[in-house]
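Hi,

Here is the structure I promised to pass on. Have a look at it first, and then read my notes below.

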Amino acid sequence: MSINRKELKQRAKDSLHNNWGKAILFNFSNRFIMWIFTMLAYFAMLSYWAVICAPDNTAIVVGGIALIVFLILLLIFVCVFSGSVQYGYLNLIRNRDYDIKPFKGNFLVFSSKYFLGFLGVYVAYLFFGLLWSLLLIIPGLIKFYSYSQSLYIFKDRADKENLTLKGCLTRSKQLMQGHKFELFKLQLSFLGWIVLSMFTLGIGLLWVMPYMSATFAAFYDELSKHEQEIPQDLKAF
């Protein structure tokens, strides 16, 4: 089974037809939230630098622990907000009448149905991807592509069955067999649009980011339609 990039992009554009305004606001509000978190992390590190300059060792230790906890919490929120964008566009790809909520949509993964499971899958995805990267860069990249659909898979299975974290990674590896390079080429095909957007001081990204998000959701949806054709004998790791 091969995936046609032009068809995926056309499907993305079709889903965004009459939805561009809400999609742009959706992505913009998401990036604005990310920017706020980035600024919070920046000021937290600046504050800790002031603590380090003080002669109080206890304050340095306590401040360091507090900073680590704070940065971990920020990272969790960033992951969840980015996942909400993924899930929102997957809903749109599958239903063109899906009502995009420009602000409320950022909290899609915060529901009890997704939150803890999503974080578990995300941590497992990062852990095993980085673990392979410690061995060699190229195998690490390949593993990241192998596990790249695990968060989408978790969404699909959240209501239907008790799929383990390992099960999500395993299923992603199965789905991506023979399609890792296709996803790489699909991502690379947006490079020109991103470069052109730089000449508009980033304003063009307001249109490019929804287009990319919808296309990547369409990629997964196309893979999932042929799930029965995917071999089942691959191990997760």
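Leu-201 sits in the loop between H9 and H10. This is a predicted model, and in it the phi of Leu-201 is near 60°, a positive value in a residue that isn't glycine. Most residues other than glycine have a negative phi. As for its surroundings, Leu-201 counts as exposed because its relative accessibility is 79%.

Where else does a residue other than glycine have a positive phi, near 70°? That one is Asn-18, which you'll find in the loop between helix H1 (5-16) and H2. With a relative accessible area of 70%, Asn-18 is exposed.

Next, the nonpolar patch. If you turn to the surface around helix H9 (191-198), you can pick out a nonpolar patch of about 980 Å². Its members are Phe-181, Phe-184, Leu-188, Leu-191, Trp-193, Val-195, Leu-196, Met-198 and Phe-199. H8 and H9 each supply at least two of the patch residues, and the largest share, 5 residues, comes from H9. Take Phe-184 as one example: it belongs to helix H8 and is partly exposed, since its relative accessibility is 35%, and patch residues need over 30%.

Now for the largest pocket. Rolling a probe the size of a water molecule over the atoms shows where empty space is left. The largest pocket here has a volume of about 650 Å³. Its lining is made of 22 residues, and the ones nearest the centre are Gln-86, Ser-148, Tyr-152, Gln-187 and Phe-216. Which helices supply at least two lining residues each? They are H2 (20-52), H3 (57-94), H4 (115-135), H5 (137-146), H6 (150-157), H8 (180-188) and H10 (205-225). H10 gives the largest share of that lining, with 4 residues. Sorted by class, the lining has 13 nonpolar residues, 8 polar ones and 1 charged one.

On to the charged pairs. Side chains of opposite charge can pair when their charged atoms come close. How many salt bridges does a search of the whole structure find? The count is 8, and a few of them are worth a look on your screen.

Start with Asp-221 and Arg-11, whose side chains meet in a salt bridge at 2.4 Å, N to O. Asp-221 is in helix H10 and Arg-11 in helix H1, so this pair ties together parts that lie 210 residues apart in sequence. Is Asp-221 buried or exposed? Asp-221 is buried, as its relative accessible area is 4%, and the cut-off for buried is under 20%.

Then there is Arg-94 with Asp-156, another salt bridge between side chains, at 2.6 Å from N to O. Arg-94 lies in helix H3 and Asp-156 in helix H6, so the parts tied together by this pair are 62 residues apart in sequence. The two partners differ in how they are covered: Arg-94 is partly exposed, with a relative accessible area of 38%, whereas Asp-156 counts as buried at 14% relative accessibility.

Asp-221 also forms a salt bridge with Lys-225, where the closest N and O atoms are 4.0 Å apart. Both of these residues lie in helix H10, 4 residues apart, which is about one turn of the helix. Lys-225 counts as exposed, at 53% relative accessibility. Salt bridges that share partners join Arg-11, Arg-94, Asp-156, Asp-221, Glu-222 and Lys-225 into one network.

One last pair, if you'd like a sense of scale. Leu-67 and Ser-197 are 130 residues apart in sequence, and their C-alpha atoms are 35 Å apart in space. Leu-67 is in helix H3 and counts as buried, because its relative accessibility is 14%.

That's what I have for now. Happy browsing!

Note on methods. Residues numbered from 1 in each chain as written. Predicted model: local features only at pLDDT ≥ 70, side-chain atom pairs only at ≥ 80, totals over all residues. Heavy atoms only, no water. 1 Å grid on protein atoms, 1.4 Å probe; cavity = no way out; pocket = protein on both sides within 12 Å on 5 of 7 lines; lining within 4 Å. Points joined across faces, edges and corners; volume = space filled by probe spheres on them. Nonpolar A, V, L, I, M, F, W, Y, C, P; charged D, E, K, R; others polar. Patch = residues over 30% accessible without salt bridge, like charges linked within 9 Å, V, L, I, M, F, W, Y side chains within 5 Å. Areas by Shrake-Rupley, 256 points an atom, 1.4 Å probe, with all protein chains shown as cover. Buried < 20%, exposed > 50% of the residue type's maximum accessible area, 1.4 Å probe, protein only.
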